[in-house]
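Hi everyone, thanks for making room for me today. I'd like to walk you through one structure, and I'll begin with its cysteines before moving on to the helices.

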Amino acid sequence: MFDWNDLKYFLAVADEGSTLKAAKLLRANQTTVARRISALERALGQSLFERRRSGYTLSDAGGRLLTQARNVAAAADALQLAADASNRSLSGIVRVTCNELTAEITLPPVLAKLRESYPDIRVEVDQSQGMRDLAKGEADIALRFTNKLKGDALIARRLFEDKWTIYCSREYAERHGIPKRPKDLVAHRIIGGGGSFAGPIIEKWFSSMAPGVEFDTRFDTLTSMLSALKAGVGVAAMPSAVAQGDPDLIQCWEPEDVGYTFWIVAHERSRDVPHVRAVMKSIGDLMIERAKERGYY
C-alpha cells in the first residue's frame, strides 16, 4: 500500500517538471521530494517519470495515473475542508509532557502546524525530567522514548524507531575531519553528558563502542549538548529525531542498534475527551510526517 501523502509530491513534480521546483512549491527539501517519488514508484511497482537532465517527464504509466491522482487530491481537499469546519468547534487545554530535547527541538514545528487545524485548543508543554503520571492526571498526553511502556490503562501509538549515531558540525568537519568508525573517535573531541535519562545511555554506548575514549566536555542536558555540537565543540551521540536532516550537522556513520521507540501515550479516559483525542492523533501524524521528511522513518 502506498503512502497517500506521496501523491502531493507526484502531482507537484508532474506540474512543475522537476524536483527542485516541486520542492520550492511544497516548501520541502529537494532530496525529500525525490525520495518520496521513489517510494511511491516502489509501492505502485511502476516508474512514474522519465528522469532527464532537463527535468522530470511523466512516463506512460505516470500519465495514466495523473487524472486519478488529481481526483484523489481533490477528494482529500474536500475532506480537509470538512474536517477544518469540525476542528474549529473543538476547544480546551491539552497538557503535553516530554523530555526537554523534544520540547525545544522536535515539538515546536509540529505545534505550529497543529495550531492551523485547531486554533481554539491551547497546548501546555511540560518538559520535566521526571515522568508524569497520566493516571493521576498530571498530563493528558506524553511523548516517550522507551522500549517498554510502563503504566496501567494507557492507550499508546508507536510512531517510529529513533536510533542514535555520531554527529559533528560542518565547521568541526572542516577543521578536524569526520570520524568514520568508532575507533576513529580517539582522535576527536567528544561531548558527553545528557542528564539523568540520556547520560547513562551515552556512557554505556561509548564504553562498548570505543573503550578508553574520554569526554572532553560535559553538559547536564541534551539541548546543551546539541548547542555545543552545532558550535563545533566536538562530536556527540544524538538521536536521529533531533539531528537527522539538520543542515548544520553531518551524520558521521549509519545509526547503531542502540535506540528507542518513540511513543505518543495517553490515559484511556482520553478516548472520551474530543479535544485531547484530536490533539493526540494530530501530533502523532505530524511527528511521522516530519520523520519521513527528514529521512529517519
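Let's start with cysteine 252: its sulfur has the sulfur of cysteine 168 as the closest cysteine sulfur, 4.0 Å away, and that is too far for a bond. Please keep in mind that this is a predicted model. The cut-off here is 2.5 Å between the two sulfur atoms, so at 4.0 Å the pair of cysteine 252 and cysteine 168 is not counted as a disulfide. How many disulfides does the rule give overall? The count comes to zero.

Are cysteine 252 and cysteine 98 buried or exposed? Cysteine 252 has a relative accessibility of 5%, so it counts as buried. Cysteine 98 comes out at 3%, and therefore counts as buried too.

Now let me step back to the whole chain. There are 297 residues, and 44% of them count as buried. The chain holds ten helices and eleven strands. If you follow the C-alpha trace along its principal axes, it spans about 60 × 55 × 30 Å. And here is a number I like: take the contacts between residues at least 6 apart in sequence, and 75% of them join residues at least 24 apart.

On to the N-terminal part of the chain. Helix H1 covers residues 6-16, and its buried residues are Asp6, Leu7, Tyr9, Phe10, Leu11, Ala12 and Val13. Right after H1 comes glycine 17, with a positive phi of about 85 degrees. Then we reach serine 18, in the loop between H1 and H2. What does serine 18 touch, once we leave aside neighbours within four places in sequence? It is in contact with Val13 and Tyr56. Serine 18 has a relative accessibility of 16%, so it counts as buried.

That loop leads us into helix H2, residues 19-26, which packs against helix H3, residues 30-44. Their axes come within 8 Å and cross at roughly 110 degrees, which means that H2 is roughly perpendicular to H3. From H2, the residues in the contact are Thr19, Leu20, Ala22 and Ala23, and they meet Gln30, Val33 and Ala34 of H3. Sorted by class, this contact has five nonpolar residues, two polar ones and no charged ones.

H3 has another partner to show you, and that is H10. The axes of H3 and H10 are 8 Å apart, at an angle of about 100 degrees, so H3 is roughly perpendicular to H10. What sort of residues meet there? The class count for H3 with H10 is five charged, one polar and no nonpolar residues. By name, Thr32, Arg35 and Arg36 on the H3 side meet Lys292, Glu293 and Arg294 on the H10 side.

While we're at H10, a word on its length. H10 runs over residues 274-294, which is 21 residues, and its first and last C-alpha are 30 Å apart, close to the expected 30 Å at 1.5 Å a residue. Glycine 295 follows H10, and its phi is positive, near 85 degrees.

One last stop: helix H8, residues 222-230. Leu222, Thr223, Met225, Leu226, Ala228 and Leu229 are its buried residues. H8 is followed by glycine 232, again with a positive phi, near 90 degrees.

That's my tour, and I'm happy to take questions.

Methods
Residues numbered from 1 in each chain as written. Predicted model: local features only at pLDDT ≥ 70, side-chain atom pairs only at ≥ 80, totals over all residues. Heavy atoms only, no water. Helix = DSSP H or I, 4+ residues; strand = E, 2+ residues; numbered from the N terminus. Expected span 1.5 Å × (residues − 1). Buried < 20%, exposed > 50% of the residue type's maximum accessible area, 1.4 Å probe, protein only. Axes fitted to C-alpha atoms, helices over the stretch in contact; angles between N-to-C directions. Parallel < 35°, antiparallel > 145°, perpendicular 65-115°, else oblique. Contact = heavy atoms within 4.5 Å. Nonpolar A, V, L, I, M, F, W, Y, C, P; charged D, E, K, R; others polar.
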